[in-house]
Amino acid sequence: MSETNNKFEAGIESNALQAPQRVVFITPKTSAQVKEKADRQLMSYPHLMLRELIAFEVLTGVLVIVALVWDAPLEQLANPLLTPNPAKAPWYFLGLQELLHYFPPLVAGIIIPGLVVLALVVIPYFNVNIKGEPLWAADRSRRFLILIVSVGLLLIFLGLYRAWTVLVPTVAIAGLTIVSFLRLKRPYRLITFLQTRPLSWWVMTWFIAVALTLTVVGTFFRGPGWSWVWPWR
Amino acid sequence: MTTEAILNRLRATRAWRSIFRRGPARTNRTRSLAIFGNVFLHLLPVKVREQSLRVRATYYLGTISFFMFVVLTLTGILLMFYYHPAVPQAYLDMKDLRFVVSNGVFLRNMHRVAAHIMVIAVFWHMFHVFYRGGYRPPHEFNWAIGVVLLLLTLLLSYTGYLLPWDQLAFWAITVGTNILSSAPIAGPQLRYLLLGGNVVDENALLRFYVLHCVILPLLAALLIGVHFWRIRKDGGLTVGESNERDKQ
């Protein structure tokens, strides 16, 4: 029995009566975990179990205190004839509802969340930049050009739709990326930190910044007719 | 007699040994047996890296998510004793929880608080794992399971949102399911399937109730089991990586 691959060929014994042999293949582009030193290991019982138990007790304590102090909301009986203004989804969907304010339902409600979920599942399978090299480690000027053009196009698109609550966090993160591109001396730890971040870090941070802004705005800053309101007024 | 002596006596009894299949966990062998001799604990690895136990390695976010799921299951079962998925009885049951049932308010508050914390913890857990590179091979399938668990968490929370049948619940579900009808090809049909009708009414309440109390929790419990087991199979948590890079 042999399995053929263009990289290697290996014969695998399938006789169950013989002692099993383990063969390790390290396929290209995967991260073989090379250990410089062996990590110290502890027995799960009791070291992990004890910590989990303590975590559970602390959490239960916190939960009980919050449940005693704060009351779950309960409004009037549901009335299909009386629409509240604005009608809001649960808080974790208010980012989407804020998007719906700018883009058509198909785009904001289906395509964008669908693509986000698809990207989250699929990306680990592409083995992009497995070493986690900093964005500006190589090919600096070309990458900078790509960044400026793609962010510029995105900003024009967002501007045309007047999607300010997406545009502002995008500008903020793009600004930080440009700061990390400049060959600044490193007096601050933040700049050192930013300069060593890979592309995946920037994309995820941008995504979180946008999602967080949308959710906070949708939750606290939107009133009747989805108009802008200040929560303290 | 000291507590230890009592425990030792208990551990020596025939009943104890027949259940746990081992003596006191004083050697590494019996400590290993404590994990892989137990049908639930054997999902976990027998040994863990010292680094992965540090609070900064995980902030216990996965643990928090799982414990919230446990608390939600327990409080949810208790709430089911006082709840009828019918209009308007569902809303009257909420009133009963507040004014009639002993500790009813506390029970509902626990369920609500734990639900919010679970959603936050699961999101945070995902972002934290991402920043530590925990999605990289050989963890990519477990990452995918995690994404499905995030969706299940959101669906669980969302289906539970309708159950009190107050204005907040009714209109949140109306807004949310209207988005679904804009899906291409079969949007309105999907919405009809979810609601059991064209508007949010008694049928929708019943469907959300069954999804919330039976289908989604079972799916989530199943995938949580696989998620834990895969941590062991994939060689433990990803640790230390981002710290090493920070030092450079």
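Which residues of helix α3 of chain B are buried? In this predicted model, the buried positions of α3(B), a helix spanning residues 28-36, are Arg31(B), Ala34(B) and Ile35(B). Viewed along the axis of α3(B), these buried residues fall within an arc of 95°, and they therefore line one face of the helix. An α-helix has 3.6 residues a turn, so residues three or four places apart point the same way. The cover over the buried residues of α3(B) includes two elements of chain A, namely β3 (41-43) and α1 (44-69).

The association of the two chains involves 65 residues of chain B, which are in contact with 56 residues of chain A. On the side of chain B that touches chain A, at least two residues are supplied by each of α3, β1 (47-49), α5, α6, α7 (104-131), α8 and α9. Of these elements, α7(B) provides the largest share of that side, with 11 residues. By residue class, the side of chain B that touches chain A comprises 44 nonpolar, 11 polar and 10 charged residues.

Strand pairing also links the chains. β3(A) and β1(B) run antiparallel and are joined by three bridges. Within this pairing, Leu42(A) has Val48(B) of β1(B) as its bridge partner. β3(A) is also among the elements that cover the buried residues of α3(B), while β1(B) and α3(B) both contribute to the side of chain B that touches chain A.

Backbone geometry was examined next. A cis peptide bond connects Asn85(A) to Pro86(A), with omega near 0°; Pro86(A) is located in the loop between α1 and α2 (94-102) of chain A. In chain B, the peptide bond from Val87(B) to Pro88(B) is likewise cis, with omega near -5°. Pro88(B) belongs to the loop between α5 (61-80) and α6 (89-99) of chain B.

Positive phi values occur at two non-glycine residues of chain B, Tyr60(B) and Trp165(B). For Tyr60(B), phi is near 55°, and the residue is placed in the loop between α4 (55-58) and α5 of chain B. Tyr60(B) counts as buried because 21 C-beta neighbours lie inside 10 Å, the cut-off being 20 or more. Phi of Trp165(B) is also near 55°. Trp165(B) occupies the loop between α8 (140-162) and α9 (167-180) of chain B, and Trp165(B) is buried, since 25 other C-beta atoms are within 10 Å.

Note on methods:
Residues numbered from 1 in each chain as written. Chains lettered and ligands numbered in written order. Predicted model: local features only at pLDDT ≥ 70, side-chain atom pairs only at ≥ 80, totals over all residues. Buried ≥ 20, exposed ≤ 12 C-beta atoms within 10 Å, placed from the backbone. Helix = DSSP H or I, 4+ residues; strand = E, 2+ residues; numbered from the N terminus. Arc of directions from axis to C-beta. Contact = placed C-beta atoms within 7 Å. Nonpolar A, V, L, I, M, F, W, Y, C, P; charged D, E, K, R; others polar. Pairing = 2+ DSSP bridges.
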